[in-house]
Amino acid sequence: MSTNIKFLHADQIGGCVTLISTDTTKICIDFGENLPGSKHKEALEVEGLTSGEQQYDAVFFTHYHGDHIGRFDKILPGIPLYMSQMCRYALLNIYHALAKHDAQYKTQIEILEDKTRNHVLWPQQAVQVGDIKVTPYTIDHSA
């Protein structure tokens, strides 16, 4: 079994996306917004992840900063989302606060509250998606 890893926008800070695939499984790590002033101005589209027919089996998010998770609402609806409980809780609080002033954030709240689509990651508890195993670890972001 071969594993392929592709880094999108790896030449900048923020907005990076990591695509990992084997012969039978495709996952994505993070799908965030580009930071202001980044060299990539266009919104990133990934065939089978954000457009076209679904080709990805899951998306994992490392943490709740917008440059890592800010475009989660663009991911095709059939793709499961994995994030820590803290990440989901923080995002829900942020989007509920934003929705008080702008109804456009209703979609993000609906996605985050969809318990059939969202899965909680627990530290050091491996998650198997097809033939890829992901083991989350808690670390200090400033490290």
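The largest pocket holds about 720 Å³ of space. Closest to its centre, among the 24 residues that line it, are Phe61, Thr62, His63, Tyr137 and Thr138. A pocket here is an open set of points on a 1 Å grid over the protein atoms alone, with protein on both sides within 12 Å along at least five of seven lines, and lining residues have an atom within 4 Å of a point. The volume is the space filled by probe spheres set on the points.

This is a predicted model: local features need pLDDT of at least 70 and side-chain atom pairs pLDDT 80 or more, while totals for chains, interfaces and linings use all residues. Numbering runs from 1 along each chain as its sequence is written, and side-chain values use heavy atoms, without hydrogens or water.

Back to the lining: it splits into 14 nonpolar residues, nine polar and one charged. Helix α2 (residues 85–99) gives the largest share, three residues. Helices are DSSP runs of H or I with at least four residues, strands are E runs with at least two.

Out on the surface, Tyr64, Met86, Ile94 and Leu98 make up a nonpolar patch with about 360 Å² of accessible area together. Patch members have over 30% relative accessible area and no salt bridge, and nonpolar side chains are joined within 5 Å. A salt bridge puts a Lys or Arg side-chain nitrogen within 4 Å of an Asp or Glu carboxyl oxygen.

Two partly exposed residues (between the buried limit, under 20%, and the exposed one, over 50%; 1.4 Å probe):

| Residue | Place | Relative accessible area |
|---|---|---|
| Tyr64 | loop between β4 (58–60) and α1 (66–69) | 34% |
| Asn4 | strand β1 (residues 4–8) | 42% |

The C-alpha atoms of Asn4 and Lys26 lie 9.4 Å apart, with their positions 22 residues apart along the chain.

Conventions
Patches are made of residues with over 30% relative accessible area and no salt bridge: like charges are joined within 9 Å, nonpolar side chains (Val, Leu, Ile, Met, Phe, Trp, Tyr) within 5 Å. Accessible areas come from the Shrake-Rupley method with a 1.4 Å probe; for residues, only the protein chains shown count as cover. On a 1 Å grid over the protein atoms alone, a cavity is a set of points where a 1.4 Å probe fits but cannot get out, and a pocket is an open set with protein on both sides within 12 Å along at least five of seven lines; lining residues have an atom within 4 Å of a point. Ala, Val, Leu, Ile, Met, Phe, Trp, Tyr, Cys and Pro count as nonpolar, Asp, Glu, Lys and Arg as charged, and the others, Gly among them, as polar.
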